[in-house]
Amino acid sequence: MREYFMAGGRKLSYLDFGGPGEPLLALHGHYNEASAFAPLAGALAPHRRVIALDQRGHGESDRAPGYGRDDYVADVLALHRHLGVGPVPVLGHSLGGVNAYQFAARHPDEVSRLIVEDIGAVVDCDWSFTTRLPPTAPSRGALSRALGAAAPYLECAFRQSDRGWGFSFGIQDTVASQKALCGDHWDDWTAVSCPTLLVRGTRSDELTADHARDMVARRGRRTRLVELPAGHVVHHDAPERFAAEVTAFLSEP
């Protein structure tokens with residue numbers, strides 16, 4: 001079910017996949033939106049109730065004047081307060097992964113467990129792919145063909161308008177967000193106190209094996225690394241294995 005709430009004078013949207021299970025907050029990456037977690041929500045039901053945010057500038061949420069680190073974290077806090085839940089597990093992919101661990105570091109009483117999917121404590125974004133995206137195409141098929149092999153990873157954000165087919169995110173908004181994501185976030189990563197699962201795709205072009213191991217080493221026993229046969233979007237490339245690892249981690253005492 002799609003729901004809306006106001007945060008900082010802007011409308012934010014989220015999908016509550018429902019069910020009787022314990023809530024799990026999910027934060028998507030760039031080029032995606034809350035619906036990207038629909039397969040995961042189905043795999044985790046009925047034991048987990050996935051609630052996925054359309055982050056600012058994505059999906060049905062409003063565009064924003066800024067896409068800084070504090071802005072994204074404030075949105076996650078606003079969602080948490082809107083839901084009125086206690087400490088909950090938080091999962092984030094890529095952009096959402098940094099948002100998730102920064103939220104956990106800065107609001108430790110609100111996060112019981114943390115799952116970070118294929119993003120590091122130091123981020124060096126390349127937005128050249130973003131600037132090459134076609135702003136519009138005459139049909140959904142034409143847009144998919146223009147994207148080539150990347151199409152399956154972006155199709156949840158395809159939208160039709162009076163100008164043709166495009167995306168539910170703004171290209172320049174995404175560039176601004178990617179620029180703001182770049183940087184050294186070690187202080188936030190090492191400040192996280194809850195049990196953490198770091199998931200890396202073995203074919204990832206974003207998170208190297210050495211950096212992932214360094215992240216685990218700096219956090220100690222409460223963090224472990226799982227590597228799955230996938231690229232950067234592990235939940236898309238290896239959905240069953242990803243869901244199984246998430247389930248096992250959330251079931252640990």
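Me: Before I get to Arg-56 and Asp-75, what counts as a salt bridge here?
Reply: A salt bridge is a side-chain nitrogen of Lys or Arg within 4 Å of a carboxyl oxygen of Asp or Glu. The model is a predicted one. The side chains of Arg-56 and Asp-75 meet in such a bridge, with N to O at 2.7 Å.

Me: Where do Arg-56 and Asp-75 sit in the chain?
Reply: Arg-56 is in the loop between strand 4 and helix 2, and Asp-75 is in helix 2. They are 19 residues apart, and the pair links distant parts of the chain.

Me: Is Arg-56 buried or exposed? And Asp-75, buried or exposed?
Reply: Arg-56 counts as buried, at 5% relative accessibility. Asp-75 also counts as buried, at 4%.

Me: Which residues are linked with them in a network of salt bridges?
Reply: Arg-10 and Asp-71 are linked with Arg-56 and Asp-75 in a network.

Me: How many salt bridges does the count come to?
Reply: The count is 15 salt bridges. One of the pairs is Arg-49 with Asp-16, at 2.5 Å from N to O. Arg-49 lies in strand 4 and Asp-16 in strand 2, so this pair ties together parts that are 33 residues apart in sequence. Arg-49 is partly exposed at 23% relative accessibility, while Asp-16 is buried with a relative accessible area of 13%.

Me: What about Glu-252, which side chain does it meet?
Reply: Glu-252 meets the side chain of Arg-113 in a salt bridge, N to O at 3.8 Å. Glu-252 is in the segment after helix 11 (239-251) and Arg-113 is in strand 6, so the pair ties together parts 139 residues apart in sequence. Glu-252 counts as partly exposed, at 32% relative accessibility. Arg-113 is buried, with a relative accessible area of 12%.

Me: Switching to the sheet. What is the strand order?
Reply: The order is 1-2-4-3-5-6-11-12, in an open sheet of eight strands with mixed pairing. Strand 1 (2-7) and strand 12 (223-228) stand at the edges, each with a single partner strand, so one side of each has no neighbour in the sheet. The twist averages 25° from one strand to the next.

Me: How do strand 6 and strand 11 pair, parallel or antiparallel?
Reply: Strand 6 (residues 111-117) and strand 11 (residues 196-201) pair in the parallel sense, over four bridges. Leu-114 stands opposite Thr-196 in strand 11.

Me: And which helices pack on the sheet?
Reply: Helix 2 packs on the sheet, touching strand 1, strand 2 (10-16), strand 3 (22-27), strand 4 (48-54) and strand 5 (88-93). The direction of helix 2 makes about 115° with that of strand 1. Helix 3 (residues 95-106) packs on the sheet too, touching strand 3, strand 5 and strand 6. Its direction makes about 145° with that of strand 5.

Me: Back to strand 1. How many bridges join it to strand 2?
Reply: Six bridges join strand 1 to strand 2, and the two run antiparallel. Arg-2 stands opposite Leu-15 in strand 2. The hairpin they form has two residues between the strands, and Gly-8 there takes a positive phi near 60°.

Me: What does helix 2 look like on its own: what span should it have, and which residues are buried?
Reply: The 15 residues of helix 2 (residues 69-83) should span 21 Å at 1.5 Å a residue, and the end C-alpha atoms are 22 Å apart, which agrees. Its buried residues include Tyr-72, Val-76, Leu-79 and Leu-83. Just after helix 2, Gly-84 takes a positive phi of about 70°.

Me: Helix 3, how many of its residues are buried?
Reply: Eleven of the twelve are buried, so helix 3 is largely enclosed by the rest of the structure. Among them are Leu-95, Val-98, Tyr-101 and Phe-103. The expected span of helix 3 is 16 Å, and its end C-alpha atoms are 17 Å apart, which agrees.

Me: Last topic, cysteines. How many disulfides?
Reply: The count comes to zero disulfides.

Me: Why no bond for Cys-156?
Reply: The closest cysteine sulfur, in Cys-125, is 18 Å from the sulfur of Cys-156, too far for a bond. The cut-off for a disulfide is within 2.5 Å. Cys-156 is partly exposed, with a relative accessible area of 23%, whereas Cys-194 is buried at 7%.

Notes:
Residues are numbered from 1 along each chain as its sequence is written. This is a predicted model: local features need pLDDT of at least 70, side-chain atom pairs count only at pLDDT 80 or more; totals for chains, interfaces and linings use all residues. Side-chain values use heavy atoms; hydrogens and water are left out. The expected span of a helix is 1.5 Å times one less than its number of residues. Buried means under 20% relative accessible area, exposed over 50%, partly exposed in between (1.4 Å probe, protein chains only). Two strands pair if DSSP finds at least two bridges between them. Axes are lines fitted to C-alpha atoms, for helices over the stretch in contact, and angles run from 0 to 180 degrees between N-to-C directions. Contact means heavy atoms within 4.5 Å.
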